[in-house]
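Me: Can you pull up the model? I want to go through its strands and helices.

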Amino acid sequence: MILTVTLNTALDITYRVPALTPHASHRVTDVAERPGGKGLNVARVLAALGHDTVVTGFAGGPSGAVLRDLLAPLAPVDALVPVSGNTRRTVAVVDAATGDTTQLNEPGPTVTADEWAAFLSSYAELLGGAEAVALCGSLPPGIHVGAYAELIRRARTAGVPVLLDTSGEPLRRGIAARPGLVKPNADELAQLTGSRDPLRAAHDARRRGAHTVVASLGADGMLAATPEGLWQAAPPARVKGNPTGAGDSAVAGLLSGLVEQLPWPERLARAVALSAATVLAPAAGEFDVRTYEDLLPQVEVTAHATAA
Ligand SMILES: O=P(O)(O)OC[C@@]1(O)O[C@H](CO)[C@@H](O)[C@@H]1O
């Protein structure tokens with residue numbers, strides 16, 4: 001199975017309003033509620049691609065209970081560890097007039113030292129049955145900033161390939177623990193390295209410890225800097241829609257490609273097509289399989305001459 005870790009799970013609420021205006025009161029026309037946090041989205045997409053998936057992280061309080069109820073009928077296996085605090089909510093407000101999305105993310109519950117210790121022992125057991133693990137999203141209060149670095153070291157010791165998808169200091173420390181793959185977006189990469197040039201920044205991130213860097217570049221697709229070479233993949237045309245969860249679908253594409261041992265150009269094409277199909281679907285972390293299959297052969301992958 002593929003394991004996804006979401007330390008800061010979220011009950012994702014999507015509101016649709018006719019037009020979003022600052023300082024105004026709005027009538028919401030549609031409400032959707034989903035079990036979220038990046039790793040849960042990744043797991044749902046992996047399951048749709050036919051992979052056995054297990055989700056872990058923390059869930060607690062009334063919104064944690066709703067999240068677990070919503071997760072129960074879905075394919076990923078729930079191995080979430082209980083916490084005394086209340087799982088956060090995130091709110092994505094979709095402006096129907098422009099299609100733009102505004103995201104509001106709560107900080108999450110404070111995790112105690114005992115809860116972290118319970119998670120670590122469950123994580124060690126789950127690693128025993130994992131082909132790969134993805135560490136995804138922000139850290140909740142109470143979790144130390146080097147938590148992902150610690151989880152990477154434990155996965156490496158267990159011989160399980162790790163993908164890290166986070167930002168800021170947890171990303172910086174995580175990279176120093178030498179994960180197999182990191183998937184920052186252009187802003188995260190720039191914040192990490194100080195360079196707005198994705199190619200230069202990806203090389204820098206590799207020098208800092210990441211084996212492979214796949215940078216998501218929005219409408220320009222994705223760039224993979226790997227020990228075997230350098231590739232860029234772009235979607236057939238600019239896709240417009242709700243981008244929430246598009247990066248998570250890309251992570252699912254990369255992870256499934258890893259365990260299926262696909263060559264890099266195919267992995268990258270899959271990640272880009274899944275990501276674009278997710279932008280075109282109305283709710284976070286969802287995609288239409290037919291749209292994905294239509295987009296996949298249209299993704300253009302270019303090899304760059306110099307190996308990274
Ligand atoms: O606050 P984080 O952990 O960085 O991101 C959380 C989040 O915005 O990311 C997902 C979309 O990628 C949503 O399901 C989720 O609520």
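Reply: Here are some notes on confidence, then on the strands.

Me: What does the chain average in pLDDT?
Reply: This is a predicted model; local features need pLDDT of at least 70 and side-chain atom pairs count only at pLDDT 80 or more, while totals for chains, interfaces and linings use all residues. The average pLDDT (the predictor's confidence in each residue, from 0 to 100) is 95, and 98% of the residues score at least 70. Residues are numbered from 1 along each chain as its sequence is written, and side-chain values use heavy atoms, with hydrogens and water left out.

Me: OK, strand 10. Are its faces buried or exposed?
Reply: Buried (under 20% relative accessible area, 1.4 Å probe, protein chains only): V162 and L164 on one side, L163 and D165 on the other. Strands here are DSSP E runs of at least two residues and helices H or I runs of at least four, numbered from the N terminus.

Me: Which residue is opposite L164 in strand 11?
Reply: V182. Two bridges join these parallel strands, 10 and 11.

Me: And how many bridges from strand 9 to strand 10?
Reply: Four, again with the strands parallel. The chain gets from strand 9 to strand 10 through helix 4 (residues 147-157), in a right-handed β-α-β crossover; right-handed means that, with the strands pointing away from the viewer, the path from the first strand over the helix to the second runs clockwise.

Me: Switching topic: what is the order in the open sheet?
Reply: 3-2-7-8, with mixed pairing; strands pair if DSSP finds at least two bridges between them. Strands 3 and 8 are at the edges with a single partner each, so one side of each has no neighbour in the sheet.

Technical notes: Buried < 20%, exposed > 50% of the residue type's maximum accessible area, 1.4 Å probe, protein only.
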